[in-house]
Amino acid sequence: MIDMGINTASVMVFVSGANGYIAQHVVKQLLAKGYTVVGSVRSESKGDELKLLIQNEKFSYEVIPTLSDKNAFDAALKKHPEVTVFLHTASPVSFAIEDVENDLVKPAIEGTLNALRSIKEHAPQITRVVITSSAVAMWGFGSHFDGNKVHDELDWSPITYEEGLAGASFGYKSSKKYAELAAHDFMTKEKPNFAITYVHPTYTFGPQAYVVKDKKNLNLSNEIVNQVIKLGKDDEIPEHGNVFADVRDVAQAHIVAFESDEAIGQRLLLASGDFTLDSVAEIINRRFPHSNVPRGDVSRNEEIKKKMIHKYDNSKTRKILGFEFKTLEESIYDMVEQLDNA
Ligand code: NAP
């Protein structure tokens with residue numbers, strides 16, 4: 001990581017979807033570094049709730065009710081001509097939808113394009129943009145899973161647009177791929193004033209940035225851990241695993257992504273290590289002896305790995321970011337400890 005010697009006090013950063021799980025950590029870290037932050041949320045009540053959580057004068061919010069409105073970002077950007085950095089994290093992350101294309105895929109693509117168009121037309125002073133993509137834009141699932149391939153930052157998921165319409169899970173994966181592709185296409189055709197860096201988190205775990213609102217309903221990736229926490233001692237642990245990153249590392253990556261010139265144009269794969277639900281259960285049992293979760297049989301890990309865990313090499317990302325990633329144990333421990341006390 002290069003220290004750019006940025007005078008953070010004079011920099012205003014826009015964060016779309018500021019109330020999201022990852023975005024709240026991004027905002028928290030930005031404020032801790034002295035940046036001023038404007039976040040977008042979908043309603044005034046969500047904005048007020050967030051302001052109450054954050055309790056920092058350098059944070060304000062704008063309401064952008066829908067990403068799909070062509071001019072969604074115009075008014076907010078015109079109102080804040082001091083913004084020079086734009087972090088686009090907002091994207092549909094719910095599988096509880098009715099229409100895969102209209103509720104998941106299109107809002108992700110349109111939201112990305114509307115943000116980029118608006119920056120080009122109304123905020124020429126913005127020079128750095130970071131887009132939260134996903135590892136699912138880099139590697140394939142289902143029939144596209146390739147357990148022998150070592151994936152890196154140059155890879156694209158083979159999922160087609162049509163395959164993405166098959167259901168919410170594939171729809172989400174496709175939404176991330178096609179939203180990112182739309183951004184690359186925009187850069188080639190429009191040649192704007194700004195550079196983009198893409199952040200590709202794997203399954204993101206770890207504590208909430210502020211307080212836990214509802215410990216029974218966490219965001220989609222944390223619900224994977226929560227499903228283990230909710231199991232009883234004698235319940236069977238589902239066979240599931242993949243690659244994870246800690247949310248605090250994912251947030252820090254968003255900041256290095258615009259602070260470092262080395263990150264310009266790069267796709268950063270935020271992957272810390274493998275997880276299985278058995279490993280998660282084993283950590284919880286060992287670190288929280290009072291817990292009621294099943295013990296976790298880590299001897300199954302190798303088998304699960306062969307079936308569903310992607311191999312990867314993100315040494316390029318690690319070099320650009322220049323900080324050590326948190327381990328699964330740190331991530332799970334901090335998350336469960338926070339939930340225990342909530
Ligand atoms: P999250 O907590 O659900 O946050 C999603 C954010 O996007 C929220 O602010 C949400 O607003 C907003 N949003 C969703 N649909 C929207 C729409 N149609 N119009 C406007 N805003 C909308 O999820 P997260 O995990 O922090 O995800 C943040 C970003 O990271 C997303 O781009 C996601 O794809 C990406 N990502 C996440 C993971 C992970 O494991 N968590 C991994 C890879 C990539 P509301 O609160 O109003 O719904």
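These are legends for five close-up views of a predicted model.

**View 1. The seven-stranded sheet, edge to edge.** Here's an open sheet of 7 strands with parallel pairing, in the order E3-E2-E1-E4-E5-E7-E10. E3 and E10 (267–270) sit at the edges with a single partner strand each, so one side of each has no neighbour in the sheet. On average, neighbouring strands here are turned by 20° against each other, direction ignored.

**View 2. A β-α-β unit built from E2, H2 and E3.** Follow the chain from E2 through helix H2 (residues 44–54) to E3 and you've traced a right-handed β-α-β unit. Its two strands, E2 (residues 36–41) and E3 (residues 59–63), pair in the parallel sense over 5 bridges. If you want a spot to zoom in on, look for Val37, which stands opposite Phe59 in E3.

**View 3. E4 and E5, with helices packed on the sheet.** Strands E4 (residues 83–88) and E5 (residues 128–132) run parallel and are joined by 4 bridges. Leu87 has Val130 in E5 as its bridge partner. Helix H5 (residues 168–190) lies across E5, E7 (195–201) and E10, at about 165° to E7. H7 packs on this sheet too, touching E1 (12–16), E4, E5, E7 and E10, and its direction makes about 155° with that of E5.

**View 4. The three-stranded sheet and its helices.** This open sheet has 3 strands in the order E8-E9-E11, and the pairing is mixed. E8 (203–205) and E11 (273–276) are the edge strands; each has a single partner strand, so one side of each is left without a neighbour in the sheet. Neighbouring strands are turned by 55° against each other on average, again ignoring direction. E9 (residues 241–246) pairs with E11 in the antiparallel sense over 4 bridges, and Val243 stands opposite Asp274 in E11. Two helices lie on these strands: H6 (residues 220–229) crosses E8 and E11 at about 65° to E8, while H7 lies across E8 and E9 at about 60° to E9.

**View 5. Where H1 meets H7.** The axes of H1 (residues 21–32) and H7 (residues 247–259) come within 8 Å and cross at roughly 60°, which makes H1 oblique to H7. The crossing is right-handed. On the H1 side, the contact uses Tyr21, Ile22, His25, Val26, Gln29 and Leu30. H7 brings Val247, Arg248, Val250, Ala251, Gln252, His254, Ile255 and Phe258. Sorted by class, that's 9 nonpolar, 4 polar and 1 charged residues in the contact of H1 with H7.

Definitions and conventions:
Residues numbered from 1 in each chain as written. Predicted model: local features only at pLDDT ≥ 70, side-chain atom pairs only at ≥ 80, totals over all residues. Heavy atoms only, no water. Axes fitted to C-alpha atoms, helices over the stretch in contact; angles between N-to-C directions. Parallel < 35°, antiparallel > 145°, perpendicular 65-115°, else oblique. Left-handed = near helix turned anticlockwise from the far one by under 90°. Contact = heavy atoms within 4.5 Å. Nonpolar A, V, L, I, M, F, W, Y, C, P; charged D, E, K, R; others polar. Pairing = 2+ DSSP bridges. Right-handed = clockwise from strand over helix to strand, strands pointing away.
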